[in-house]
Each structure stands twice: as C-alpha cells, then as structure tokens.
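Please open the structure in your viewer and keep the selection tool at hand. The tour below goes from stop to stop, saying what to select and what is found there.

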Amino acid sequence: MLDTLRPVTGRPRLRPAVVVRACTAVWNWRSAARCRTSDAENLFVTGADQREAREFCLSCPVRTECLAHALDHQVEFGVWGGMTERERRALLRRRPDVRDWAALLGRARSDHYAGHSRSA
C-alpha cells in the first residue's frame, strides 16, 4: 500500500521518498540467466571448449545484460553474453569511446526489436 499525504485539496499524493524508491528499483538480470540453473563452471573454460559454452548462451533471455555487465566491468575470464574473453577484449579495443555498454547495448536491442535500422 502506498504511503500518501493529504494536501489541502483532499486528494492524496505520493510522498517524494516513495516516488524516488520506486524509480530506483533495479531488475536483477542474473535471476533470469540460463546459467543460473545449470553448471555455470562450464562457462569458464579455455580453448575450443569456449565454442560450446558460447552456444549455451545463444538461448539465454538475458544475453545482452550479461554481455554489458562483462564489458562494463571488464571481466577477464569466462564466456559472458555469448562472447569469449578474446572477443570481449577485441571489442573493448575497437570501441574505447564507450563508457556505458549497458546503455549502448540496451538501445541497440530496443532499436532492433522496434525495426529501426542504423546506418554506419
């Protein structure tokens, strides 16, 4: 139940603190990750085994969030969001200007599903 104040007019309004808390709630993408219910250690392999680990990520509903987390935090080891360590390092080298991968990848995903094309 929302906490309300009654102004002079008699109409309820939200307390500012409630509005701030409601706006800052963050969805934890990890709870929806496919690897949460399996042996996630299989994603921390080396060499050719990384190909199989990448395939596991293809059907994960939070691939974008996972990849953005790994890029934003420069995670060195393991397959994250369907990309190997080497692929993430190469991407970070190619795009040193990106400061917020979560925002960039989120916009790209939204544009993709909205049917917007982006010219290079």
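A residue is called buried when its relative accessible area is under 20%, and exposed when that area is over 50%. With that cut-off in mind, and remembering that this is a predicted model, begin with the cysteines.

**First stop: the cysteines.** Select C60, which has a relative accessible area of 16% and is therefore buried. Now add C57, which also counts as buried, at 7% relative accessibility. Is either of them part of a disulfide, or is each of them free? A disulfide needs two cysteine sulfur atoms within 2.5 Å, and the sulfur of C57 is 6.2 Å from the closest cysteine sulfur, which belongs to C66, so the two are too far apart for a bond. C60 is in no disulfide either, since the nearest cysteine sulfur, that of C35, lies 6.2 Å away. By this rule, the count of disulfides comes to zero.

**Second stop: a loop residue.** Move to V45, which you will find in the loop between helix 1 (16–23) and helix 2 (49–57). V45 is buried, its relative accessible area being 19%. If you leave aside residues up to four places away in sequence, V45 touches Q50, A53 and E85. Select T84 as well, and you can check that its C-alpha atom is separated from that of V45 by 9.6 Å, although the two residues are 39 apart along the chain.

**Third stop: helix 3 with helix 5.** Select residues 63–72, which form helix 3, together with residues 101–114, which form helix 5; they pack at an angle of about 155°, and their axes are 8 Å apart. That angle makes helix 3 roughly antiparallel to helix 5, and their crossing is right-handed. To see the contact, show T64, E65, L67, A68, L71 and D72 on helix 3, and W101, A102, L105, G106 and R109 on helix 5. By class, this contact of helix 3 with helix 5 has six nonpolar, two polar and three charged residues.

**Last stop: helix 3 with helix 4.** Keep helix 3 selected and add helix 4, residues 85–94, which packs with helix 3 at an angle of about 65°, the axes being 10 Å apart. Helix 3 and helix 4 are therefore roughly perpendicular to each other, and the crossing of this pair is right-handed. Here L67, A70 and L71 of helix 3 meet R88, L91 and L92 of helix 4. The residues of the contact of helix 3 with helix 4 divide into five nonpolar, no polar and one charged.

Terms used
Residues are numbered from 1 along each chain as its sequence is written. This is a predicted model: local features need pLDDT of at least 70, side-chain atom pairs count only at pLDDT 80 or more; totals for chains, interfaces and linings use all residues. Side-chain values use heavy atoms; hydrogens and water are left out. Helices (H or I, at least four residues) and strands (E, at least two) are DSSP runs, numbered from the N terminus. Buried means under 20% relative accessible area, exposed over 50%, partly exposed in between (1.4 Å probe, protein chains only). Contact means heavy atoms within 4.5 Å. Axes are lines fitted to C-alpha atoms, for helices over the stretch in contact, and angles run from 0 to 180 degrees between N-to-C directions. Angles under 35 degrees count as roughly parallel, over 145 as roughly antiparallel, 65 to 115 as roughly perpendicular and the rest as oblique. A crossing is left-handed if the near helix is turned anticlockwise from the far one by less than a right angle, and right-handed if clockwise. Ala, Val, Leu, Ile, Met, Phe, Trp, Tyr, Cys and Pro count as nonpolar, Asp, Glu, Lys and Arg as charged, and the others, Gly among them, as polar.
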